Amino acid sequence: MGWYLLRRLGAAVIVVLIASVVVFLGVRALPGDPAVVLAGENPTPQVIASIREQYGLDKPLPVQYFDYLKHLVTGDLGQSTQDKLPVSQILANRIPVTLELAVLAMLVAIVVGVLFGTIAAARRGKFSDYTATGFGLLGLSVPHFWLGLLAILLFAVKLRWLPASGYVPFSENPAQNLERMILPAVVLGTGFAAVLMRQTRSAMLGALSADYVRTARSKGLSGPRVVGVHALRNSLTTVVTVLGLQLGGLISGAVVTEQIFVIPGFGKLTVDAVLTRNYPVIEAVVLVTVVGYIVVNLLVDVAYAALNPRIRLAGATNG
Amino acid sequence: MADVLTTPAPAAVAVAGRSDRWRRMWRRFYRKPMSLTGLILVVLFLLLALLGPALFGDPTAVHFDDVLGAPSGAHLLGTDDLGRDQLARIASGARVSLEAGVLSTALAMVVGIPIGLVAGFYRRYLDSVVMRAVDVVLSFPFLVFAVGLAAILGPSLRNVVFALGVSQIPAIVRITRGEVLSVREQDFVAGAIADGANDATILFRYVLPNAANALIVQATVAIPAAIIGEATLSFLGLGVQPPTPSWGVMLTTAQQFLSQAPWLAVWPGVMIAVTTLGFNLLGDGLRDVIDPRSAR
Amino acid sequence: MRTRRLMAALAVVPLLLTAAACSGTETSVGKQLTGTAPFDARPVRDGGTLTVALSQDPDALDPTTANTFVAREVFASMCEKLYDVDENLKIVPQLAAALPKLSDHDRTATIALRQGLKFNDGTTMDAQAVRTTLMRDLTLPTSSRKSELGAVTSVEVVDDHTVRLHLSRPFAPLAAQLADRAGMIMSPAALRKYGKNFGAHPQCVGPFSFVSRTSGSQIVLKKSPYYYDKAKVKLDELVYKIVTDANVRSANLQSGDIQVAERLATSDVGTLSADKSLKILPGGGISYQGITINTSNVHGTDKKPGTVHTPLAQHPELREAFALSLDRDVINRVVFNGLYDPDCSPLPKGSPYRDPKATCPKRDLAKARQLVERSGVKTPIPVTLSLTADPVSERLGQVIQAMAKEAGFAVKVVPGEFVTTLNQAREGKFDTIQVGWSGRVDPDGDINDLATSGGSNNYSGMHDPVIDNGVHAAAATTDIAQRRALYSKVIAREHELNGIIYLYHERYFLGTAANVAGIRYYSDGIPRFETAGFAK
């Protein structure tokens with residue numbers, strides 16, 4: 001296991017380095033740069049040149065990249081070009097917001113998705129299967145942005161049950177925080193619940209037809225017990241994998257959700273940074289995402305191995 | 001990294017009795033009302049996409065004196081903010097959705113399957129390199145990629161297809177690779193290797209057909225996801241160029257006039273949902289048919 | 001979602017059409033909402049927190065470098081200026097005690113300051129502070145104020161409450177510039193302490209003082225204990241929230257989450273003004289939007305003009321035909337619910353510098369077709385129209401596309417991401433582009449640099465002696481009649497060249513909860529909250 005983790009760490013460092021080069025060159029391939037944005041209505045050549053100088057953009061690319069790495073190693077992520085706040089402070093403000101949103105959305109997705117998926121598989125071909133499958137398909141079929149808007153119109157504007165948007169930090173007021181997070185979490189979670197429901201149903205059907213379950217049934221174990229214990233446990237592998245795979249989608253989804261509900265999270269920060277050519281923030285954001293992805297995947301694999309000891313070998317040789 | 005969906009591989013594809021098998025599969029498929037509904041919805045969608053623009057008139061003809069008109073005899077679904085016939089735009093929008101859904105999935109398959117096959121089959125260094133690359137792509141937030149691409153190349157349907165296609169490649173690679181990894185260990189593949197069959201034969205004759213099930217399921221998820229993806233990107237202003245109608249663009253418009261012209265919001269949303277539903281139902285039906293395990 | 005709107009909104013400047021506006025049906029709405037809002041003088045109670053939704057995220061809150069319109073809005077509450085404008089856009093003293101006294105053939109401006117004023121960090125505002133501020137504006141390399149203060153060569157402290165500015169030439173827009181960011185006096189103590197990071201800890205003279213900023217989310221201000229006129233400030237706290245989507249701003253206003261929302265969508269104005277729990281204050285009108293035609297910008301606005309090989313650049317009569325094919329009133333009705341001011345001048349309606357007799361040519365399709373025919377260019381004539389990807393700009397683009405088609409132009413609408421489009425504009429990589437200008441109090445700021453040779457915002461690449469000489473002569477005199485005559489000639493010449501086809505002035509609509517009073521909202525579009533509060 002130690003050797004395995006070491007290998008994984010090595011691979012992670014490589015991925016982070018590749019990603020940092022890709023994003024470093026990628027942002028510079030975008031038309032315009034921070035100076036064009038910051039000079040605004042006064043784009044005189046002198047102003048643009050001095051802004052470029054301020055952010056070191058006048059230096060050759062390799063020098064810029066080396067400087068960036070040097071600062072990175074010392075933990076310095078630079079300063080946002082847009083509002084001049086330290087990038088680390090911005091990240092510290094934004095990440096917890098999106099984490100909360102993501103965790104809540106995942107909870108919604110897991111509860112709804114796994115529950116309905118299991119019911120659908122266990123009662124295959126029955127009314128409840130069709131209902132659950134129908135809802136699952138509907139969840140997949142309705143666009144996020146649409147759902148969010150309808151939710152705001154219905155619950156906030158028409159019924160006035162919940163606030164339309166805005167964010168209150170959990171530490172400041174937990175009740176208000178949760179009140180404002182319900183709609184976004186449900187909207188963001190719906191799509192994932194649908195994916196999870198389908199995959200869970202699919203995996204459960206596979207598992208239910210597997211020999212050991214048939215054996216269990218033939219031994220006279222009751223239906224719910226077979227489903228609950230044997231098949232579900234096996235299908236969790238699938239669920240964990242899907243969660244890992246959906247992380248990227250979750251962040252993209254969070255961007256859309258954060259936009260609709262005006263939540264100052266990581267997703268919104270990401271897109272804003274690209275649109276304002278905020279190089280330091282874009283670079284930091286991608287770095288955090290990549291590291292986050294690696295960590296989550298490691299956790300997924302560990303969970304995987306814990307759920308199904310046979311897999312560990314394959315993961316170890318191919319990780 | 002994680003091996004994806006390591007379902008145990010079924011026995012090797014039977015070579016004999018091919019036509020029999022197709023007939024059996026079709027029978028199994030069409031006995032299910034859900035699958036059949038899916039098929040009908042998809043066929044209707046295809047017909048609309050192919051014939052719609054010819055049948056329902058010019059989707060770009062503006063009438064500034066008849067903007068935001070309610071549904072009427074002349075305009076069955078009403079008119080939009082520039083007085084264009086909403087029905088004509090819905091019909092034309094179908095073609096955009098079709099192109100986005102099918103082309104991007106095809107792109108992902110064409111690129112992803114060979115990579116997954118090779119990575120899973122040869123393993124070792126090649127596999128490591130591929131999986132690291134996949135990790136980099138997967139770990140990149142998709143919208144950043146899409147927004148960046150639109151910034152560099154300008155918003156257009158072609159770029160939407162490209163962005164959606166690329167974003168689907170990692171899933172295809174991982175699924176293919178996962179299938180290969182598990183199929184490789186099966187006796188019949190080991191047997192073929194022992195018999196001295198060459199790599200191409202093994203890959204295309206034994207490995208790929210066994211990966212097909214998972215890939216078909218993935219395709220039926222990917223096509224509707226790409227249709228929604230196109231709608232979302234168009235909604236965000238990263239999609240088709242005006243005045244080309246796209247369901248996503250139509251929803252953007254509708255959203256601004258929810259209180260004055262709520263009918264505008266209904267049909268593009270319904271069309272996206274119904275089309276996606278059709279593909280999903282069809283996919284479920286196919287899965288049941290192709291994969292004997294779930295059919296029982 | 002709404003990254004589309006967001007793209008535009010990020011806008012450093014409202015340069016390419018950003019504003020949140022949409023269109024709709026009710027033209028009757030327009031009638032009640034012309035002009036600027038009357039002041040709501042109901043007495044307000046002490047205390048309370050007012051939450052205001054801004055349409056964009058401001059850049060750094062440093063008056064020397066800031067360029068966004070929304071930053072100006074925040075500054076209005078915490079960074080007062082030497083001068084301000086009143087409801088008629090007349091310049092009035094704010095931190096200064098009187099208008100500048102000109103002497104030495106208009107090459108020296110002496111400014112008397114109000115006495116006993118304190119910055120929000122408790123230090124005293126005096127002539128030395130004014131000098132420190134202005135010198136920073138003139139010398140900081142990243143200063144965006146340097147070009148605005150162009151003619152100022154040095155600043156002299158006469159005594160504690162008098163400064164004297166020395167000018168290289170007579171400079172009529174001086175007072176107007178000092179009524180904007182260049183006139184915001186910063187605390188020298190804070191400047192010493194924070195230097196380049198002043199924007200993260202701004203300290204000026206103002207009714208409210210800076211408390212905190214959460215990037216991309218909100219800016220919190222509180223009532224200042226040091227403000228010279230603090231008796232009139234009733235609110236305890238003022239919170240600016242960033243809500244880039246106009247629909248969301250409307251929804252939040254209706255749900256009561258926020259009490260004030262700026263720049264409502266024109267499509268929402270009708271519905272919102274019918275809501276008894278809300279009020280709509282109209283404002284704005286000094287900005288303009290139009291179509292810039294690339295006539296000779298080949299390598300960028302900072303490079304020498306060259307030859308552009310498009311039919312529109314080659315044939316002035318085609319540009320005229322293009323302009324004549326557009327119907328400004330229909331554009332206003334279809335795209336903006338009839339709420340904007342259709343116009344063919346960069347100067348706002350009601351400006352004393354406008355020629356009162358000048359009228360805009362109506363749409364004339366017959367003449368447009370004739371001009372097209374006379375040019376000998378084969379129809380349909382290809383025209384690429386670049387614009388920012390947001391729903392309103394795209395709607396405008398499609399209306400223009402449909403109108404110009406009838407005169408024989410095949411317009412291709414190309415929406416682009418905001419910075420990309422801005423970059424194309426500056427580098428001359430466009431045929432025609434839909435852009436605008438946020439507008440200035442002094443007419444010089446609406447034409448100079450935008451239509452003059454070598455101007456950094458002259459995307460068309462115009463280089464015409466009539467325009468150049470007229471603009472420079474007008475900046476050198478303070479006589480209104482003389483300036484009016486000069487600008488009228490310049491604008492008439494612009495109409496002949498059609499480097500910019502002016503289309504309309506944007507109006508802004510400020511939505512507030514019905515119980516909020518005391519807000520001042522003028523045609524500069526900046527809501528002022530120093531006397532605002534909740535009605536008793």
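Biologist: Why are α2(B) and α3(B) described as oblique to each other?

Modeller: Check the angle. The axes of α2 (residues 33–55) and α3 (residues 86–122) of chain B cross at roughly 135° and come within 7 Å. Under 35 degrees counts as roughly parallel, over 145 as roughly antiparallel, 65 to 115 as roughly perpendicular, and the rest as oblique. The crossing at roughly 135° fits none of the named ranges, so α2(B) and α3(B) are oblique. The axes are lines fitted to C-alpha atoms, for helices over the stretch in contact, with angles from 0 to 180 degrees between N-to-C directions.

Biologist: What kind of model is this, and how are residues and chains labelled?

Modeller: This is a predicted model, where local features need pLDDT of at least 70, side-chain atom pairs count only at pLDDT 80 or more, and totals for chains, interfaces and linings use all residues. Residues are numbered from 1 along each chain as its sequence is written, while chains are lettered from A and ligands numbered from 1 in the order in which they are written.

Biologist: Back to that helix pair: which hand does the crossing of α2(B) and α3(B) have, and which residues make the contact?

Modeller: The crossing is left-handed, meaning the near helix is turned anticlockwise from the far one by less than a right angle (clockwise would be right-handed). Among the contact residues are F45(B), L46(B) and L48(B) from α2(B), plus A91(B) and R95(B) from α3(B). Being in contact requires C-beta atoms, placed from the backbone, to lie within 7 Å. Sorted by type, the contact has nine nonpolar, two polar and one charged residue. Here Ala, Val, Leu, Ile, Met, Phe, Trp, Tyr, Cys and Pro are nonpolar, Asp, Glu, Lys and Arg are charged, and the others, Gly among them, are polar.

Biologist: What about α6(B) and α8(B): how are they set relative to each other, and why?

Modeller: Helix α6 (residues 157–184) and helix α8 (residues 199–235) of chain B have axes that come within 9 Å and cross at roughly 155°. That makes α6(B) roughly antiparallel to α8(B). The crossing is right-handed. V160(B) and L164(B) are among the residues of α6(B) that meet α8(B), whose partners include Y206(B) and V207(B). The residues of this contact divide into 15 nonpolar, five polar and two charged.

Biologist: How do you know whether L68(B) is buried or exposed?

Modeller: Count the neighbours. A residue is buried with 20 or more other C-beta atoms within 10 Å of its own, exposed with 12 or fewer, and partly exposed in between, with C-beta atoms placed from the backbone. L68(B) has 21 other C-beta atoms within 10 Å, so L68(B) is buried. L68(B) sits in the loop between α2 and α3 of chain B, and its phi is near 50°, a positive value in a residue other than glycine.

Biologist: What makes L89(C) count as buried or exposed?

Modeller: L89(C) has 21 C-beta neighbours inside 10 Å, so it counts as buried. Its loop runs between β2 (83–85) and β3 (91–93) of chain C, and its phi is near 60°, again a positive value in a residue other than glycine.

Biologist: And why is α10(C) called largely enclosed?

Modeller: Seven of the nine residues of α10 (residues 316–324) of chain C are buried, so the rest of the structure largely encloses this helix. The buried ones include L318(C), R319(C) and F322(C).

Biologist: What makes up chain A, and what counts as a helix or strand?

Modeller: Chain A has 14 helices and zero strands. Helices (H or I, at least four residues) and strands (E, at least two) are DSSP runs, numbered from the N terminus. Of the 319 residues in chain A, 52% are buried.

Biologist: How do you know whether I282(A) is buried, and which residues does it contact?

Modeller: I282(A) has 26 other C-beta atoms within 10 Å, so I282(A) is buried. I282(A) is found in α13 (residues 279–307) of chain A. Leaving aside neighbours within four places in sequence, I282(A) is in contact with V23(A), V27(A), A273(A) and V274(A).

Biologist: Where do chains C and A touch, and how many residues take part?

Modeller: Chain C gives 46 residues and chain A gives 45. On the side of chain C, α1 (3–9), β8 (208–214), α7 (246–255) and α14 (418–427) each supply at least two residues. The largest share, six residues, comes from α14(C).

Conventions. Contact = placed C-beta atoms within 7 Å.
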